[in-house]
Amino acid sequence: MRTKLIAGNWKMNLEWDQAMTLLADLVHWHGEQDALTSEVAVFPPYPYLRHFHEFLKQHRSAIATGAQDCSEHDSGAYTGEVSAPMISSVGASYCIIGHSERRQYHREGSDVLLRKVHLAMDSGLIPVFCCGEQIEDRENGNQTFVIESQLESTVFGLSEEEFSKIVIAYEPVWAIGTGKTASPDEAQDMHEFIRGLVQGQYSESCAQQLRILYGGSMKAENAADILSRPDVDGGLIGGASLKLDQFTQIIQASA
Ligand code: PGA
């Protein structure tokens, strides 16, 4: 039985006071729920991670934290970069790697992404590795081919033991921040396809325990339908994670 993960990717949003208000409200709400079965994690901008960790500990909250990216280097003269060991040292548990906004705006390719995955894992972080096709790929019917090659050139370079620790997020690029969501069937089909690939690459048990999140305009209105599909093990939520009522309804829909 896989525990669902509802992950809020805050991206580059919210200044300190707004961020703390949202976190405090979320922690308060979460602490009052007694029937939740899903795991919840928030991915704020780097400068907030340490304080978030302290706050969550202080409130004995089960909510986890993660970073939205990490450097491809582990230390040294890389101005502006933040390393995986640093992220781990401030108490984060997860690290998103390969988000389409990183691939697109920072031209991150397969080699860089695999290095990041290794560095994150070496630091004890759980990578949330993103893959997703462009709209043209889907229109041409090439979506499974694209996802397969994205995984083959990156995380399929891990050993089975390593791979069994990661989380995959399927995020069709055309659905991110656009208000267009993959239909529950489209999400389920791709998740099933990914699980099948993992079974072929590693083993059935590895495939069965892998958590595959869906990301791309998930909101309160469509979450229950998508999250009820057998191969959808949670969500990576951008815009809707910035609104308490939306995010909490998604968490409830996953339980
Ligand atoms: P969105 O973003 O929910 O705003 O579409 C999802 C993501 O980019 O992780």
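The shell around the ligand divides into 4 nonpolar, 7 polar and 2 charged residues. The model is a predicted one.

**Ligand contacts**

There are 13 residues around the ligand. Those that come nearest are K11, H99, E171, G177 and S217. Three polar pairs link protein atoms to ligand oxygen atoms, as follows.

| Residue | Protein atom | Ligand atom | Distance |
|---|---|---|---|
| H99 | polar side-chain atom | oxygen | 2.6 Å |
| S217 | polar backbone atom | oxygen | 2.7 Å |
| G238 | polar backbone atom | oxygen | 2.9 Å |

H99 reaches the ligand with its side chain. S217 uses a backbone atom, and G238 also offers a backbone atom. How much of the ligand does the protein bury? Taken alone, the ligand exposes 280 Å². The protein buries 95% of that area.

**The pocket that holds the ligand**

Which pocket does the ligand take up? Its space is the second largest pocket. About 270 Å³ of space lies there. The lining of this pocket comprises 20 residues. Closest to the centre are G177, S217, G238, G239 and A240. Two of these names recur from the table: S217, with its backbone atom 2.7 Å from a ligand oxygen, and G238, with its backbone atom 2.9 Å from a ligand oxygen. G177 is also among the residues that come nearest to the ligand. By class, the lining divides into 5 nonpolar, 11 polar and 4 charged residues.

**The largest pocket**

The largest pocket has a volume of about 420 Å³. Its lining counts 16 residues. K11, M12, Q68, R102 and H106 are the closest to its centre. K11 is one of the residues that come nearest to the ligand as well. Which element gives the largest share of this lining? Helix α4, residues 100–105, does, with 3 residues. The lining divides into 8 nonpolar, 4 polar and 4 charged residues.

**Side by side**

The two linings can be set against each other by class. The largest pocket has 8 nonpolar and 4 polar lining residues. The second largest pocket has 5 nonpolar and 11 polar ones. Charged residues number 4 in the largest pocket and 4 in the second largest.

Definitions and conventions: Residues numbered from 1 in each chain as written. Predicted model: local features only at pLDDT ≥ 70, side-chain atom pairs only at ≥ 80, totals over all residues. Heavy atoms only, no water. Near = heavy atom within 4 Å. Polar contact = N/O pair within 3.5 Å; in protein donor to acceptor, adjacent residues only side chain to side chain. Areas by Shrake-Rupley, 256 points an atom, 1.4 Å probe, with all protein chains shown as cover. 1 Å grid on protein atoms, 1.4 Å probe; cavity = no way out; pocket = protein on both sides within 12 Å on 5 of 7 lines; lining within 4 Å. Sits in = over half its atoms within 2 Å of the grid points. Nonpolar A, V, L, I, M, F, W, Y, C, P; charged D, E, K, R; others polar. Points joined across faces, edges and corners; volume = space filled by probe spheres on them. Helix = DSSP H or I, 4+ residues; strand = E, 2+ residues; numbered from the N terminus.
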